[in-house]
Amino acid sequence: MIYEKIKEVKTLMEEEKKNIHTILELNNSKVKFLGKKGLITELNSEIKNVPSGEKREFGQQVNALREEFSKFYEEKKSLFEEEILNKKLESETIDISLPATRVLIGAPNILEKLIEEVEELFISMGYDVEDGPEIEEDKFNFEMLNIPKGHPARDAQDTFYLEGEEILLRSQTSPVQVRTMLKNKGEHPIFMICPGKTYRRDDDDATHSHQFMQIEGLVIDKDISLSDLKGTIDVVVKKLFGEDIETRFRPSYYQFTEPSVEVDISCFNCKKKGCSICKHTGWITVAGAGIVHPNVLKMGGYNPKVWSGFAFGFGAERLAMLKYDINDCRVFYNTDLREAKVFDRKEAESHD
Ligand code: DAH
């Protein structure tokens, strides 16, 4: 009877051995046979029921069973471990013939690059680069630029007002003209540019954005005339778009300049023959400009009888779009590295 039990456990063990396929199953099986309440362990405790003459024999048989299972366990375990190791090695093999993972490298924002180029050019001509706040007072953004409250010229700028009617997001960089004049107290000549962000309540599309950048310019000195403005703009556009580019002024209207002009450059693409970039006119508008209005000089503390000046405002995105052949201004502000890469290439090509 007692030996029957050993036989039973042995048969169970033989069955079990055939059905073990994983290390988990193996460990479960170890618990089942050799654990605290395991089948073999329990056989051991049966020894007290075995007649004393047979205890030795019984003990040997149980031990043999234990050894058999232990041996099986150890062998199977190292087999599984080897298998796991091989699988791991296999999955971690480095195939040196595979193409390497490409690491995306950032590139400078092309709009920023263009602004830097313009800054360098003006600095080389003796200009200062000025700065002004984006949250601006109505008085600097409009009033001191000769645009009083209620003037229809304000409507054109669709301004974001922040607090009542006095604090706004600047709709143009022109307020920096006023700030620079006040800083110089009507005493010193001014040669400055100011690149900066501007805001208008525009719907965003390929050529409009609620936030865009302008490059403002202001020169105040003695005997400044429209030809100084033309000469200056000419140098800039030649540098940006090529030596063969011509400049032309068309009459225009701004409150803060008199006379005011619209600055056109000859189309760098078709050389004035007419194409889609210049809308078949041969010319492209790149800036507004003019001779500083005497009222603006006066409000800025400069005596118009002594001083005269010119001012201009470029749309920075427009310049970059033209220079790098980009047809959607929104791409300057998204963070897609692939686009930055394309810009980088275009920029490199523009130096060829
Ligand atoms: N501030 C003008 C605008 O946003 C651009 C401009 C025109 C600036 C003529 C100037 C200027 O300094 O003289 O439309």
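This passage describes the two open sheets of a predicted model and a helix that lies across one of them.

The sheet of 7 strands is open and has the order 1-5-6-10-9-8-7, with mixed pairing. Its edges are formed by strand 1 (128-129) and strand 7 (247-254). Each of these has a single partner strand, so one side of each is left without a neighbour in the sheet. At one of these edges, strand 1 runs parallel to strand 5 (residues 190-199), and 2 bridges join the pair. Within this pairing, Asp128 is placed opposite Met192 in strand 5.

Strand 5 is also one of the strands crossed by a helix. Helix 7 (residues 175-183) lies across strand 5, strand 6 (211-221) and strand 10 (308-315). The direction of helix 7 is at about 140 degrees to that of strand 5. These three strands follow one another in the order of the sheet, as 5-6-10.

The other sheet is open as well and consists of 3 strands in the order 2-4-3, paired in the antiparallel sense. Strand 2 (135-137) and strand 3 (160-163) are the edge strands, and each pairs on one side only. From one strand to the next, the twist averages 40 degrees. Strand 4 (residues 167-169) stands between strands 2 and 3 in the order. The antiparallel pairing of strand 2 with strand 4 extends over 3 bridges. Here Ile135 is found opposite Leu169 of strand 4.

Key:
Residues are numbered from 1 along each chain as its sequence is written. This is a predicted model: local features need pLDDT of at least 70, side-chain atom pairs count only at pLDDT 80 or more; totals for chains, interfaces and linings use all residues. Side-chain values use heavy atoms; hydrogens and water are left out. Two strands pair if DSSP finds at least two bridges between them. Helices (H or I, at least four residues) and strands (E, at least two) are DSSP runs, numbered from the N terminus. Axes are lines fitted to C-alpha atoms, for helices over the stretch in contact, and angles run from 0 to 180 degrees between N-to-C directions. Contact means heavy atoms within 4.5 Å.
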